[in-house]
Amino acid sequence: MATVKESQIVAAPEGKKKEVTCSAWIRRKEGKNNSDNKLLVVMGRSATAASPALLELYTFDPKTSSLSSDPWKFVIGEEGANPTGFAVHPSGDEFVCATTKGCKLYKLVPQEFAYHLIAKDEPRLESVGRQKCLAFSTDGSKLAIGGEDGHLWVFHWPSLDTLIDEPKAHKSFKDMDISLDSELLVSTSIDGSARLWKLTDGTPLMNLDRSAEEKIQCCRFSRDGMKPFLFCTVEKSGGNVVTVVWDMATWKRLGFKRLLRKPISVLSVSLDGKYLALGSNDGDFCVVNVKKMEVQHWSRKVHLGASVSAIHFCPTERVVISNSDKWGAEVTKLTVPGDWKVWQAMLVLLGLFFVSALAMYFFYRTSDSFWNFPMGKNQLPAWKLQEQSHIQGSGSMFIDDSEFPDEL
């Protein structure tokens, strides 16, 4: 296994990188099978003169940030069907692979010390033609696909009943995303327009406002579970590209910022919503802290001279996979602040408990308070306490006998 260092390529052996056309993370749920790995990576390879089109499955080790060197390989089987993209179901049990001829559904079956892919016949998916965008909703109940011909399909999952069938949604799809609550879909076109759709009833909602000189390109919904926003990259006159933020409550622009400072080819958001990734047309990409809207990681010349076509955040680690037609898939470990682990938080709480206990003990030993009041045999009788109180109040060291009756 090859360890991933900062901006180090580990996706494929030299000479085979160019064959990788797409990739995606698969997060397996824990406890299903003892042989299950929590994280997998699926990659698609185009056909060559010596090899048919393939799907490959890699295991990922989060402790060392490394991919397995010997993946499981599966032949797609359909002539001329080179893979172009993936949509992985949130369960991690299945995924849809877009090809140059249509879409194919695969079931991921864990076996002892291995995995197996089972292709399932779904005529509705196989007949949709070449697709540029595809995504499952967060709750896994819907699948949306957008084609090169501008046709938008949204299916209920797993029944594949049609929710939206819009042949002229766009001139041709550029990008697409589904909101965290699975109720909205945003899509952009190569002509610079952007549309919003309601997935609750399958109807168009509105077009995003833009000036005549603006082209909306890439789009992503926020995913941190706080106030919902929509992020879009917008190309202005002169070729300047900015990242614009829309408030989803009013659909008004909150502001914009120029982050990558060059033409942007792809936009992505981490699963926890803390980071955005922006890829350029010349092979660079950066990672932005959403809360501060500041760049916290740069990877330059990762896809030298090629447009970055996709960036996929690892579901659990600060690692990304980026793709380009020229250089294939590249795996990069991000130089961003690490997240708190559960054991780290527990250790801090335990330390605070011990510090508090020591402080209370020190207070007990040094303070003149109720807690140091003499008890038991050392405690004075009540009349003696009254005498001492009177002495302290009068300022005299002696008791005035006139205040007490003579003893009988």
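Strands here are DSSP runs of E with at least two residues, helices are runs of H or I with at least four, and both are numbered from the N terminus. Keep that in mind as you click along. The model on your screen is predicted.

**Stop 1: the whole chain**

Show the whole protein as a cartoon. The chain has 29 strands and 3 helices. It holds 408 residues, and 45% of them count as buried. Now switch on the surface. The accessible surface comes to about 22000 Å², and carbon and sulfur atoms own 54% of that. Next, think about contacts between residues with a separation of 6 or more. In this chain, 43% of those contacts join residues 24 or more positions apart.

**Stop 2: the largest nonpolar core**

Select Leu55, Leu57, Phe86, Phe95 and Leu117. These residues have the most contacts inside the largest nonpolar core, which has 18 residues. Which strands supply at least two residues each to this core? Colour β2 (20-27), β3 (39-45), β4 (54-61), β8 (94-99), β9 (103-111) and β10 (114-120) to see them. β2 gives the most, with 3 residues.

Stay here and centre on Phe86. Ignore its neighbours within four places in sequence. Phe86 still touches a list of residues that includes Cys22, Ser23 and Ala24. Val42, Met43 and Gly44 are in contact with Phe86 too. So are Leu55, Phe95, Val96, Cys97 and Leu134.

There is also a second, separate core. It has 16 residues, among them Phe221, Leu230, Trp246 and Trp251.

**Stop 3: Trp251**

Pick Trp251 from that second core. Trp251 lies in the loop between β21 (241-247) and β22 (252-257). Is Trp251 buried or exposed? Its relative accessibility is 14%, so Trp251 counts as buried, because the cut-off for buried is under 20%. Check the backbone as well. Trp251 has a positive phi of about 60°, although it is not a glycine.

**Stop 4: the loop between β13 and β14**

Move to the loop between β13 (152-156) and β14 (162-166), and find Ser159 there. Pro158 is in this loop, and Leu160 is as well. Take them in order.

Start with the peptide bond from Trp157 to Pro158. That bond is cis, with omega near 10°.

Then click Ser159. Its relative accessible area is 42%, so Ser159 is partly exposed. Draw a distance from Ser159 to Lys142, C-alpha to C-alpha. The two are 9.5 Å apart in space and 17 residues apart in sequence.

Finish with Leu160. Its phi is positive, about 65°, although Leu160 is not a glycine. Leu160 counts as buried because its relative accessibility is 2%.

**Stop 5: a repeat from the record**

Select residues 181-207. UniProt lists this stretch as "repeat: WD", in an unreviewed entry. How much of residues 181-207 is helix, and how much is strand? The stretch is 59% strand and 0% helix. Its end C-alpha atoms are 20 Å apart.

**Stop 6: a patch on helix α2**

Last, select residues 342-366. This is helix α2, and Phe353 has its place in it. Show the side chain of Phe353. With a relative accessible area of 53%, Phe353 is exposed, because exposed means over 50%. Now add Leu350 and Phe354. Together with Phe353 they form a nonpolar patch on the surface. The accessible area of the three together is about 330 Å².

Note on methods:
Residues are numbered from 1 along each chain as its sequence is written. This is a predicted model: local features need pLDDT of at least 70, side-chain atom pairs count only at pLDDT 80 or more; totals for chains, interfaces and linings use all residues. Side-chain values use heavy atoms; hydrogens and water are left out. Patches are made of residues with over 30% relative accessible area and no salt bridge: like charges are joined within 9 Å, nonpolar side chains (Val, Leu, Ile, Met, Phe, Trp, Tyr) within 5 Å. Accessible areas come from the Shrake-Rupley method with a 1.4 Å probe; for residues, only the protein chains shown count as cover. A salt bridge is a side-chain nitrogen of Lys or Arg within 4 Å of a carboxyl oxygen of Asp or Glu. Buried means under 20% relative accessible area, exposed over 50%, partly exposed in between (1.4 Å probe, protein chains only). Contact means heavy atoms within 4.5 Å. UniProt positions are given in the numbering used here, feature names are shortened, and annotations may be inferred rather than shown by experiment. A nonpolar core is a set of buried Ala, Val, Leu, Ile, Met, Phe, Trp, Tyr and Cys residues joined through side-chain atoms within 4.5 Å.
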